[in-house]
Amino acid sequence: MNAPEEDPGALEPRIGPAPGGKPESRPYHHPAAGWGAAKSVTKFLVRERELVDGPRAIVRMNHENGGFDCPGCAWPDDLKGLKLDICENGIKHVTWEMTRKRVGREFFAAHSVSELSRWSDFELEDQGRLTEPMVYDPESDHYEPISWKDAFELVGRTLRELDSPHQASFYTSGRLGNEATFLYQLWARELGTNNLPDCSNMCHEASGRALQAALGTGKGTCDLKDWESADALFIMGVNAASNAPRMLTALAEACHRGAQVVHVNPLVEAAATRTIIPHDVMDMALFKSTPTSTLNLQVRIGGDMAFLRGIAKAVLKEAETDPKALDAEFIDRYTEGFEAYRAVCEETTWDEIEHQSGLSRDAILKAARVYSEADRSIISWCLGITQHDHGVDTIREIVNVLLLRGNLGREGAGPSPVRGHSNVQGNRTCGIDHRPPPEFLDRLADACGIEPPREHGLDTVGTIRAMHQGDVKVFVGMGGNFALAAPDTAYTYEALRTCELTVQVSTKLNRSHLVHGRKALILPCLGRTEKDHQRGGLQSTSVEDSMSMVHLSVGMKRPASRHLLSEPAIIAGMARATLPGSDTPWEWYVEDYDRIRDSMAQVIEGFEDCNRRVRLPLGFRIRQPARELVFLTPSGRAEFSTAPLPDVVPAPGTLSLGTMRSHDQWNTTIYSDNDRYRGIKNLRTLVFMNKDDMRERGVGEFDPVDITSTARDGSSRRVERYLAVPYDIPRGCAAGYMPEMNVLCALVDYSTQSDQPLMKHVKVIITPSG
């Protein structure tokens, strides 16, 4: 018989623990990290029953000799060799992975897919680690055990039977190590496609495109030493306390040495106030907090470019009476397009800048003084800048401002994007790119003896659309939870269900295993905390942090199941089954990952001699030409841009909604229904609103509201009975949690500059629930 028809409600993501407890909202006035983090971690370790292995893992995480890299954020390891270079979220992430709970064949025999689809996502992941490969049986609506050999053959046979290799798409999340990443892209390209979407397509694609256009490199130019010597730090669209908590150390140290730290964000987050760094034992003992900011500016959602234009306008005005306000020698020697940019700034009125930014002229001039008085400045940003239609233009404007005062190519200065997921930058470096540079493909062909395809492949938005249309029939996901991370939840679910085969390589059960194709595989892999033994002995993998440092990671724990395989082994197994006549030595590669790195050294620029260099203390840094004032742009110079300011002011009755994570969450993994730093307990289906916007709509605290978005194509999406929470956020702006609110972001609403979904700029109408 056919599987039971899934109820329509299953299209709505079910997130968080089972309901329990009255929703609460109280302002948070305590320092970020500190004892609040220590208490939270302790409770988490007790709940997960990891009071022995948890602390043991803590002292092995982010160490240069024999430790493993935190599978959480991509913030660089401390240069001083701290013994506890850790954070609350990292500890939770590792403990969540090391759980003693297991999900094996007995579990799947007891629960159908239709039943599991009605569970919350917290309940799904809370069942524990996956232990053996499983295949979906449509007759029984259950997952059943399958051998690795048969699983690989199912993948290989399905791919071989496709009419075109472009009918397959190969997705990866950020946690995949460099060696597995290299094999993954090699498999896809030897098959014949560049359909290699990744999570960066949804997060930092705008950063790469903007920096490539302006400087000739798709990465930031700063390292941690620069952060330690900057006179001014501008932190834009970043919630450091939750997304990159170890950044708090850099912010606190900057304030302590007298540097200026300016936070630009619609919400004043906990990281933009003060902190107690847990490894500062005396500060912890004395409850002594350190400021993490000297100025907070609450820009309207999408108004960052106008704010930056205001700084540039102020600096240019100052230069009329003080020529030292500009670095004229740097501009003349290293840049292109300055006069055109000067003209654009002069033409942009202060009225327009104030209207679009939501900030007063005085507030912007205060930030401009900080910038002009600093000898060395860094501007850093995250998704609050990138997930907009004009994200590329805004990042180009960041570069414009830096170029005005020569803040590039010297210590303590430059652009510094904050990558939110461990090794997402390494994925791109090692070949996960649907638009690969010809030079990379040339080297890949020479080193690996294949003929890689040259045409561009599909990114994340393109893959979802192609699946929905039936043009992509096989979807392979390496890690992550694609069904929940992607925009337009209902549309994405439908797209995945049209596939002939979906393959998910995972450590834990999640929504993407339940929203599947006609055939589906769950392939469980080792976690980063676990020992990876191959024929050549205990293996290490390399990762790249957000500042281009590449270093090794070695697991410490016995694998959760003897049936688990490493990610390189799983990829090699699928590749051999797909390409049985291939000359690529898939099995030989897996025996010793040094062999993979030797091939990477031939293909990847900056990875030369990587097997030696990656074993140095702290590893090695990939060369950034722009850091050395070498610009691989058409002009051979750093290029100013002259884009006009976008209109980001919402129409009357409409609000601009930005999605974000709660503090007790990592990407789509939810640890609880609490958000400590925003004062929320027992609630995730909420919307933060300005009090005046609430009053205008006749909405009180915790009143239920309906939220409707209208897409470019005129279609609408809706969530109902979310609870309104008053918050300090600019008028016309609202915010709520992803992935619950991903349903509101239509697939057609993506940036024409970066192809990123507009997760931080959804136009919505909020009304009281009937």
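This passage describes the internal cavities of a predicted model and the packing of one pair of its helices. Residues are numbered from 1 along each chain as its sequence is written, and side-chain values use heavy atoms, with hydrogens and water left out. Because the model is predicted, local features need pLDDT of at least 70 and side-chain atom pairs count only at pLDDT 80 or more, whereas totals for chains, interfaces and linings use all residues.

Cavities were sought on a 1 Å grid over the protein atoms alone, as sets of points where a 1.4 Å probe fits but cannot get out, and 7 cavities of 30 Å³ or more were counted. The second largest cavity holds about 240 Å³, a volume being the space filled by probe spheres set on the points, which are joined across faces, edges and corners. Its lining (residues with an atom within 4 Å of a point) comprises 19 residues, and Gly527, Arg528, Asp532, Thr541 and Glu567 lie nearest the centre of this cavity. At least two lining residues each are supplied by β21 (541-544) and α27 (567-578), where strands (E, at least two residues) and helices (H or I, at least four) are DSSP runs numbered from the N terminus. The lining of the second largest cavity divides into 6 nonpolar, 8 polar and 5 charged residues, with Ala, Val, Leu, Ile, Met, Phe, Trp, Tyr, Cys and Pro taken as nonpolar, Asp, Glu, Lys and Arg as charged, and the others, Gly among them, as polar.

Helices α10 (residues 205-215) and α21 (residues 391-404) pack with their axes 8 Å apart and at an angle of about 45 degrees, the axes being lines fitted to C-alpha atoms over the stretch in contact and angles running from 0 to 180 degrees between N-to-C directions. The two helices, α10 and α21, are therefore oblique to each other, since angles under 35 degrees count as roughly parallel, over 145 as roughly antiparallel, 65 to 115 as roughly perpendicular and the rest as oblique.

Notes
On a 1 Å grid over the protein atoms alone, a cavity is a set of points where a 1.4 Å probe fits but cannot get out, and a pocket is an open set with protein on both sides within 12 Å along at least five of seven lines; lining residues have an atom within 4 Å of a point.
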